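Q: Could you take me through one part of this model up close? I would like to look at how the two chains meet.

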Amino acid sequence: MAAAPDIASPALLDAFASRHRLRAYEALPWLAAIAAYFVFPDYLALGAQILATILFALSLDLVLGYAGIVTLGHAAFFGTGAYTAGILAANGWGEPISGLVAAGAAAGAVGFLTGAIILRTTGLTLLMQTLVVAAMLSELANKATAITGGADGLQGMDVWPIFGVFRFDLFGRTAYIYCAFVLLIGWLAVRSIVYSPFGRSLTGIRENVLRMHAVGSPVRHRKLTAYTISAALAGISGALIAQTAQFVGLGALGLERSGTILIMLIIGGVGQLYGAFIGVTLYMIAQDRFSTIDPVFWYFWIGLFMIFVVMFARGGVLGLLTRARRKLSRPS
Amino acid sequence: MADLLPAAISIAFHGLALAMVLYLISVGLSVTMGLMGFVNLAHGAFAMAGGYAATTLMGRYHLPFAAALAGAILIVVLASLVLERLLYRRLYGADELDQVLMTMGLIFMTVGAATYFWGPVAQPVHPPDLLSGQIQLGSREFPAYRSFLILCGVALVTGLWLGLERTRFGAQVRAAVDNLRMAQSIGINTSQLFALTFALGSGLAALGGALGAEFLPIVPGYALGNLVYFLIVVAVGGRGSIRGPFVAALLVGTTDTAFKYIAPELGAFFIYALTMAILLWRPAGLFGHA
């Protein structure tokens, strides 16, 4: 056992006080996003998808990585947002920003209502409940063909230019910048939540729920708040993808989407804020490359890779980096 | 009003047949979850493998129906023993999330492999002549194959229950479900027990997958597409129980059939709502103990 650190030491106090400050490396994802815009002008449509999906993964990280809620139904909120924005745009209201707000509100409302019911349960039962909620919404969208287009998907979306000026172009330039800005706002929101006292109490709930009860933390209330915020962010992410692709299909609510976003987040690293950025980018670029070469075997390899990550690389890419850094800094 | 009774009989019949398939596939999952505490999302992949093995043995190698079934079970049991030793065993007692991810990875692998070897189309099933057509029961006719399915299911359920209640192995399984540490302390070889029950559950799933291809078509997306159904049966029934999933399978099978008949516009919505309600009322399932 190492000696307990002196909690009154100035160095430690300083570390606590500056914990939430922006660090230089936190600019890296944004520099990369700006560089990608100029270096890969032919891939901006894919880039926009990646940026929007990062927001989805970030929303999942808030509930999974910080509040410790294992969910297999996060696509419920993504899909709710996508359909909200899609239905608005297909019925004569194509203004994108208000579409995002409406999508976030709708998904947040669904998150609040279902969360209020299902967050009473824990563990496997909770996992089942999240799965069932998503399945219910998917079945609803499948059967309400008059509104959603059912299995054919929602057709005829007409998204207006952003601020009435910036038209969504064929190359995805507008979409890319649009998604980048929304992601920036979403990331700032999640970051400040995570470092706030509220965020710390979420981590406490994840690490030791009994102790949090014991110190009088309103556990269920906190979880529900996190769940609602996360649902709203997931909804905004879904709306971004719906608006930029001008299409919403049943896949937006499917189990496969809930599963793959989980996989992307795990590949990057859970509960570390930047795992979403790394995991989604790696996954989606690999998917884009490999599925053009061999679409059939893409599933096989990603499955194998997943098993590898679970068995040998817990903590994902960020976990590996941390371990490598520790090894280098400790000369043995 | 006059045609209400025939409709009810027909719903009960087809619902029962579906319930048998669901039970055969899910009972192994229930035991795995109760005994090892393992969230095996890939359980449906064993059922799918059974389906592919049986149809291939029949179609390509022209084996008779019964031999193909036996072959399919054997193949899946052997494969599951290998997987248990290589992958599952390492994650017993691990984090729920790790188990979810590992088995999700397995599902994706099976999707890719099945598409590669068999293509995206559903595999055709050809029951033997003896089991095709209709049989006369009283004044009504029933499809022979589904009647066979129900009989098969009943026989297996009885065998399973007797085995669990009356044999030494069954007693060991019950002991380990109730109190794993105590079971280990009195000298039960739980690691062997885990492997055997895992293999047994996979074998039953393979049989269910092969027999139930009429209800759940053998396609590459099988394990993912039907996952919700299998999990519902286990969660509603109560994991670790053998009887619970049977009741749950009956419930799911008949309600699903009834709603497809009475209110097709609702689809599977009602099943999901029912599952949610039951899990709120009894989080550990109808027959599970928390």
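A: Happy to; here is a walk along the contact between the chains, ending with a helix pair inside one of them. Please keep in mind that this is a predicted model.

Chain A brings 33 residues to the contact, and chain B brings 37 residues. On the chain A side, the elements giving two or more residues are helix 6 (123-143), helix 12 (255-268) and helix 14 (295-312). Helix 6 of chain A supplies the largest share of that side, with 13 residues. By class, the chain A side holds 23 nonpolar, seven polar and three charged residues.

Now let's follow helix 6 of chain A across to helix 10 (residues 227-237) of chain B. The two pack at an angle of about 135°, and their axes are 11 Å apart. At that angle, helix 6 of chain A and helix 10 of chain B are therefore oblique to each other, and their crossing is left-handed. Helix 6 of chain A makes this contact through A:T125, A:M128, A:L131 and A:A135, while helix 10 of chain B uses B:V228, B:L231 and B:A235. Six of these residues are nonpolar, one is polar and none is charged.

Helix 12 of chain A, also part of the side touching chain B, has a partner within its own chain. It packs with helix 13 (residues 275-293) of chain A at an angle of about 115°, with the axes 7 Å apart. These two helices of chain A, 12 and 13, are therefore roughly perpendicular to each other, and they cross in a right-handed way. Among the contact residues are A:M264 and A:L265 of helix 12 and A:F277 and A:Y283 of helix 13. This contact has ten nonpolar, three polar and no charged residues.

Technical notes:
Residues numbered from 1 in each chain as written. Chains lettered and ligands numbered in written order. Predicted model: local features only at pLDDT ≥ 70, side-chain atom pairs only at ≥ 80, totals over all residues. Contact = placed C-beta atoms within 7 Å. Helix = DSSP H or I, 4+ residues; strand = E, 2+ residues; numbered from the N terminus. Nonpolar A, V, L, I, M, F, W, Y, C, P; charged D, E, K, R; others polar. Axes fitted to C-alpha atoms, helices over the stretch in contact; angles between N-to-C directions. Parallel < 35°, antiparallel > 145°, perpendicular 65-115°, else oblique. Left-handed = near helix turned anticlockwise from the far one by under 90°.
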